[in-house]
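Hi there,

Here is the structure I promised to pass on to you. Have a look at it first, and then read on for what turned up.

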2 protein chains.
Amino acid sequence: MILEKKKVFLQFATKRGLRSTRQRDLILDVFLSSHEHLSVEELYLKVKASHPGVGQATVYRTLKLFVEAGLAREMTLSDGQTRYEHLLAGEHHDHLICTGCGTIVEFEDETIERVQDEIAVRHGYTISSHRLELYGLCPACKGHQR
Amino acid sequence: MILEKKKVFLQFATKRGLRSTRQRDLILDVFLSSHEHLSVEELYLKVKASHPGVGQATVYRTLKLFVEAGLAREMTLSDGQTRYEHLLAGEHHDHLICTGCGTIVEFEDETIERVQDEIAVRHGYTISSHRLELYGLCPACKGHQR
DNA sequence: TTTACTGTTGATAGTCATTTTCAAAGGATC
DNA sequence: GATCCTTTGAAAATGACTATCAACAGTAAA
């Protein structure tokens, strides 16, 4: 699974004439081995923890490459930080975000996808992507409420 | 309709002990008379066109007041600019955004709203708001494609 | 209407995330 | 290993937005 993705990036790099460097390998490892929706800063800190020499500009640059390679998806929530999440081939999912603790749950719903297509057709649009975020309180945070 | 909204703002201002100033009246006029999804910068330019003395900090501040007054909604697309759109009482709508020319179409769909609620319940969440954006090419831009 | 009080404004400096710049370092190819 | 040219790290630059603060202007009482 991780190997699979490494191969994808390798192929992408080859096709684009990119060089293979320690930094890119390292950042890819850290990215692939984390399952959260990491912000660039968080990822940078993780990388720096094991390899202090890596600059954050490199992390920014490399994450953009992952997006181009189809390995990652950029997501901008309303907190002003760009996050990157794993993207499995052909997969689409949306997010349920807790406004209390920030927990993000992923979900997928076929009905919504279908209705979206209908709406697009009705307006003559051809959809290339979409973004759906539901904001609210998760079970735990509801409990803590006064 | 516009008068109605002005009254809403007036009431809000009174309740909050805000003073009525030329700048706020002006910015409200410009905001209410534009039907697009304006970014702060765009609105600032419109305001400045007729009244060059107004500072952009005031535009930023005033738009936030409109949100608090329930007249406007903040929306952040992926272009890094905050936009403000009109908000009618109790109304919810989503956006269809052309990746070619940036045109934004609003739509509302009851099925999607209902499915969203179901999903939230399934995960034990209580939804307070949501955001749905569909990105794609509008009919005009599809035509221009090579 | 004048005065005194206090909210508001505009200019500017500050912040924060992200991008650009550029010299030095390091892959890749011969 | 020499050469070429991409990549890197540090720091400066950018862009959107926010905070600061002295000057200004509503407002309500005198």
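Which residues are the closest to DNA strand D? They are R24(A), T58(A), R61(A), Y60(B) and T82(B), and 21 residues in total surround the strand. Before going further, please keep in mind that this is a predicted model.

**DNA strand D**

Let me stay with this strand for a moment. Of its atoms within 4 Å of the protein, 68% belong to sugar or phosphate, and the rest belong to bases. Three side chains place a polar atom beside a phosphate oxygen of strand D. For T58(A) the distance is 2.4 Å. For T82(B), an N or O atom of the side chain is 2.5 Å from a phosphate oxygen, and for Y60(B) the distance is 2.8 Å. As for the elements behind this surface, those that give two or more residues are α2 (22–32) and α4 (56–69) of chain A, together with α4 of chain B. The largest share comes from α4(B), with four residues. Sorted by class, the surface near strand D has nine polar, seven charged and five nonpolar residues.

**DNA strand C**

Now for the other strand I looked at. DNA strand C is surrounded by 20 residues, and the closest are R19(A), Y60(A), T82(A), R24(B) and T58(B). Here, too, 68% of the strand's atoms within 4 Å of the protein belong to sugar or phosphate, with the rest in bases.

What does a polar side-chain atom of R19(A) lie 2.4 Å from? Its partner is a base nitrogen of DNA strand C. Two other side chains of chain A have a phosphate oxygen of strand C as their partner: a polar atom of T82(A) lies 2.6 Å from one, and a polar atom of K64(A) lies 3.3 Å from one. The elements that give two or more residues to this surface are α4 of chain A, together with α2 (22–32) and α4 of chain B. Helix α4(A) gives the most, with four residues. By class, the surface near strand C comes to nine polar, seven charged and four nonpolar residues.

**How the two protein chains are related**

You may be wondering how chain A and chain B sit with respect to each other. Chain A superposes on chain B after a rotation of 178 degrees with 0.1 Å of shift along the axis, at an RMSD of 0.3 Å. The two copies are therefore related as by a two-fold rotation axis. If you want to find that axis on your screen, go to L132(A): its C-alpha is the nearest to the axis in chain A, 2.2 Å away. Both copies use the same surface, since 100% of the contact residues of chain A recur in chain B.

**Inside each chain**

Chain A has six helices and six strands. Reading from the N terminus, its elements follow the order α-α-β-α-α-β-β-β-β-α-β-α. Its C-alpha atoms fill a box of roughly 45 × 45 × 25 Å along the principal axes.

One helix pair is worth bringing up on your screen, and it involves α4 again. In chain A, the axes of α1 (residues 2–16) and α4(A) come within 10 Å and cross at roughly 95 degrees. Angles of 65 to 115 degrees count as roughly perpendicular, so α1(A) and α4(A) are roughly perpendicular to each other. On the α1(A) side of the contact are V8(A), F9(A), F12(A) and R16(A), which meet L65(A), F66(A), E68(A) and A69(A) of α4(A). This contact has six nonpolar residues, two charged ones and no polar ones.

And in chain B? The axes of α1 (residues 2–16) and α4 (residues 56–69) of chain B also come within 10 Å, crossing at roughly 95 degrees. That makes α1(B) roughly perpendicular to α4(B). From α1(B), the residues V8(B), F9(B), F12(B) and R16(B) meet L65(B), F66(B), E68(B) and A69(B) in α4(B). The residues of this contact divide into six nonpolar, two charged and no polar.

A good place to start looking is α4(B), with the largest share of the surface near strand D, followed by α4(A), which gives the most to the surface near strand C.

Best wishes

Notes:
Residues numbered from 1 in each chain as written. Chains lettered and ligands numbered in written order. Predicted model: local features only at pLDDT ≥ 70, side-chain atom pairs only at ≥ 80, totals over all residues. Heavy atoms only, no water. Axes fitted to C-alpha atoms, helices over the stretch in contact; angles between N-to-C directions. Parallel < 35°, antiparallel > 145°, perpendicular 65-115°, else oblique. Contact = heavy atoms within 4.5 Å. Nonpolar A, V, L, I, M, F, W, Y, C, P; charged D, E, K, R; others polar. Near = heavy atom within 4 Å. Polar contact = N/O pair within 3.5 Å; in protein donor to acceptor, adjacent residues only side chain to side chain. Least-squares fit on C-alpha atoms with pLDDT ≥ 70 in both.
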